[in-house]
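Visitor: Could you take me slowly through a single part of this protein, and show me how that part sits among its surroundings?

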Amino acid sequence: MEASTEDGSRASVINMGSVTGESVAHLEIFAYGPSKAALENLSRMLANRFAAKKINVNTITAGWFHTDMTKESQQITSNQKIPTGRFACGSDIAGMCLFWFQSG
């Protein structure tokens with residue numbers, strides 16, 4: 001990463017977090033939530049460490065997506081406060097990823 005900024009350009013790291021890293025999910029996914037919490041903390045530490053070297057580190061904390069892990073929890077939209085009232089799809093965060101890479 002540091003080598004990519006030697007010419008004065010900026011670099012970006014984008015980590016994919018999850019709302020399950022911020023709270024206890026109703027799904028029994030014991031490794032997933034804690035690992036996402038750790039990733040968010042690592043991102044903050046790396047952002048602090050590399051900011052002076054023009055390397056941006058960010059975490060996109062995504063909500064609920066249609067995946068194999070969530071396929072049995074489709075009713076979650078009625079049980080949780082999801083502003084859009086639906087599960088997300090990849091295009092919902094694609095723009096955010098492009099923004100972070102372009103502004104890096």
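Guide: The accessible surface of the protein chain (Shrake-Rupley method, 1.4 Å probe, with only the protein chains shown counting as cover for residues) comes to about 6,900 Å², and 56% of that area belongs to carbon and sulfur atoms. This is a predicted model, in which local features need pLDDT of at least 70 and side-chain atom pairs count only at pLDDT 80 or more, while totals for chains, interfaces and linings use all residues. Residues are numbered from 1 along each chain as its sequence is written, and side-chain values use heavy atoms, with hydrogens and water left out.

From the N terminus on, the elements run β-α-β-α-α, where helices (H or I, at least four residues) and strands (E, at least two) are DSSP runs numbered from the N terminus. The part to look at closely is helix α1, residues 32-50. Its 19 residues should span 27 Å at 1.5 Å a residue (counting one less than the number of residues), and this agrees with its end C-alpha atoms being 26 Å apart.

The buried residues of α1 (under 20% relative accessible area, 1.4 Å probe, protein chains only) are G33, K36, L39, E40, S43 and F50. They lie on the same side of α1, because they cover an arc of only 130° around the axis, taken from the directions from the helix axis to the C-beta atoms. These buried residues pack against β1 and β2, whereas P34, M45 and N48, on the other side of α1, are exposed, that is, over 50%, with partly exposed in between.

Strand β1 (residues 11-18) is itself largely enclosed by the rest of the structure, because seven of its eight residues are buried.

Conventions:
Contact = heavy atoms within 4.5 Å.
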